[in-house]
Amino acid sequence: METLRDKVAVITGAASGIGRAIACALADGGAHIVAVDVDDDGLAALTDELSNRGGAALPQHADVSKSDAFEGIRDAALRRFGRVDIVVNNVGVLTNGLPEDIPVGEWQRILDINLMSVVRSNAAFLPLLLGQGSGHLVNTASFAGLFTYSYDRLPYAATKAAIVALSEGLAIYLRPRNIGVTLLCPGPVLTNIAAAVPRFGRGAPLRIPGEQFELLDAAAVGEMVADAILRNRFFLPTHPPVVDELRRRVDDWDAYIDYQISREPD
C-alpha cells in the first residue's frame, strides 16, 4: 500500500491499548477509522481524539464473539465511507489459572473472542477485499503465540498460536492477489489487557517472556503497524530480538522446555 491517505481501516479492540494506538497512527497518516469495541466510553474518547487530530472516525459498539457482528460492522463502514481497505483484527482477552482449573466454558469464551473473531472478520471482509483487488489485513498475535514461556494463560496462548498459523496461510493466499497481511506479535507492551483477567482456582503466577524484552509504550507499536502496512511487511515483532529466542528453541526444543522450567518461581 503506497499511502494511508483516505484509506478506510476497521480496527477491533480500538478503544484502548494497542488498538487505540493503531487507530491514532493510521489516522495520522490520513486514514479514516472504523473503531470497534464494547467500551462505549473508550470509543467516545477515541472518536474525540481522532476528530481533534483532523481524522474521521466511525465508532461501532460490537461484541466480536457474536456470529453476525462483522456483517454489521462491514455494512456500517460501507454506508459511511463507501469502501474498506484495511482490517485490523486486534481484539484479545486473557484468562489466568492452572491448566486443570480453567473450565471448558472459559476456553470457549477465549476461543470465541480471540480466534473466532478473526475467522468471522475474514468471512465478512475477505470477499470485499478480493473483489476490489486490494487491501491489507493485520492480525494481532503475541509472543505467547510464538513460543511458550508459561502455563498461566494456555487458552490465550493457544489462540494466539492459531492466529500465527492462520495469518501465514492467508499471506500465502492473498499476497499474489494484491492483499497484504501483517502478523503483529507484541511482547511486553503497556496496555490494560490484564486489568480484569478472570482467575480460576488458586490462579497461576503471571510470567513474562524474558527480562531482555523491555516494556514498550503502545504508541510505538501503532507506528510500527502503520509502517508495516505501507511496506507490506508480514512478520512484525515489537521486539526484534525475539528471533534469537525462536532460534534457541528450535535448535533444541527439549532443552528449551527445561530452561523454561528452570525459570519457575520458587
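Colleague: What area does the protein expose, and what share of it do carbon and sulfur atoms supply?
Modeller: The model is a predicted one, and the surface figures are computed from it. The protein exposes about 12,000 Å². Of this exposed area, the share that carbon and sulfur atoms supply is 53%.

Colleague: How many of the 266 residues, as a percentage, are buried in the protein?
Modeller: A residue counts as buried when its relative accessible area is under 20%. With that cut-off applied to the 266 residues of the protein, the buried part comes to 51%.

Colleague: How many helices and strands are there, and what radius of gyration does the protein have?
Modeller: The secondary structure consists of 9 helices and 9 strands. For 266 residues the globule rule gives 18 Å, and the protein comes close to that value, so it is as compact as a globular protein of that length. The C-alpha trace spans about 55 × 35 × 30 Å along the principal axes. The radius of gyration itself is 18 Å.

Colleague: Among contacts with a separation of 6 or more, what percentage joins residues 24 or more positions apart?
Modeller: The count here takes the contacts in the protein with a separation of 6 or more. Within that set, the residues 24 or more positions apart account for 75%.

Colleague: At what angle do helix H8 and helix H9 pack, and which residues of H9 take part in the contact?
Modeller: Helix H8 covers residues 242–251 and helix H9 covers residues 253–262, and the two pack at an angle of about 120° with their axes 5 Å apart. By class, their contact has 3 nonpolar, 1 polar and 4 charged residues. From H8 the contact draws on Glu245, Arg248, Arg249 and Asp251, and these meet, in H9, Trp253, Tyr256, Tyr259 and Gln260.

Colleague: Where is threonine 182, is it buried or exposed, and which residues does it touch?
Modeller: Threonine 182 sits in strand S6, which runs over residues 179–185. Its relative accessible area is 0%, and because buried means under 20%, threonine 182 is buried. Between the C-alpha atoms of threonine 182 and arginine 80, which are 102 residues apart along the chain, the separation is 26 Å. Not counting residues up to four places away in sequence, threonine 182 touches His136, Leu137, Val138, Asn139, Ala228, Arg233, Phe234 and Leu236.

Colleague: Which residues is serine 167 in contact with, leaving aside its neighbours within four places in sequence?
Modeller: Serine 167 is found in helix H6, which spans residues 154–174. At 0% relative accessibility, serine 167 counts as buried. Once the neighbours within four places in sequence are left aside, the residues in contact with serine 167 are Asn139, Val181, Leu183 and Phe234.

Colleague: Why does arginine 120 count as buried, and how far is its C-alpha atom from that of glutamate 71?
Modeller: Arginine 120 belongs to helix H4 (residues 104–132), and it counts as buried because its relative accessibility of 16% is under 20%. Leaving out residues up to four places away in sequence, arginine 120 touches Val64, Ser65, Lys66, Ser67, Phe70 and Asp112. Arginine 120 and glutamate 71 are 49 residues apart along the chain, and their C-alpha atoms are separated by 8.8 Å.

Colleague: Where does glutamate 71 lie, and how far apart in space are glutamate 71 and valine 34?
Modeller: Glutamate 71 lies in helix H3, residues 69–81. Its relative accessibility is 28%, and glutamate 71 therefore counts as partly exposed. In sequence glutamate 71 and valine 34 are 37 residues apart, while in space, C-alpha to C-alpha, they are separated by 13 Å.

Colleague: What phi does aspartate 6 have, and where does the residue lie?
Modeller: Aspartate 6 lies in the segment before strand S1 (8–12). With a relative accessible area of 47%, aspartate 6 is partly exposed. Although aspartate 6 is not a glycine, its phi is positive, at about 65°.

Colleague: What phi does asparagine 232 have, and in which loop is its place?
Modeller: Asparagine 232 has its place in the loop between helix H7 (218–231) and strand S9 (235–237). Its relative accessible area of 31% makes asparagine 232 partly exposed. Asparagine 232 is not a glycine, yet it has a positive phi of about 55°.

Colleague: How many disulfides does the structure hold?
Modeller: Cysteine 24 counts as buried at 8% relative accessibility, and cysteine 185 counts as buried at 0%. A disulfide requires a pair of cysteine sulfur atoms within 2.5 Å. The number of disulfides in the structure is 0.

Definitions and conventions
Residues are numbered from 1 along each chain as its sequence is written. This is a predicted model: local features need pLDDT of at least 70, side-chain atom pairs count only at pLDDT 80 or more; totals for chains, interfaces and linings use all residues. Side-chain values use heavy atoms; hydrogens and water are left out. Buried means under 20% relative accessible area, exposed over 50%, partly exposed in between (1.4 Å probe, protein chains only). Axes are lines fitted to C-alpha atoms, for helices over the stretch in contact, and angles run from 0 to 180 degrees between N-to-C directions. Helices (H or I, at least four residues) and strands (E, at least two) are DSSP runs, numbered from the N terminus. Contact means heavy atoms within 4.5 Å. Ala, Val, Leu, Ile, Met, Phe, Trp, Tyr, Cys and Pro count as nonpolar, Asp, Glu, Lys and Arg as charged, and the others, Gly among them, as polar. The radius of gyration is taken over C-alpha atoms; the globule rule is 2.2 Å times the number of residues to the power 0.38. Accessible areas come from the Shrake-Rupley method with a 1.4 Å probe; for residues, only the protein chains shown count as cover.
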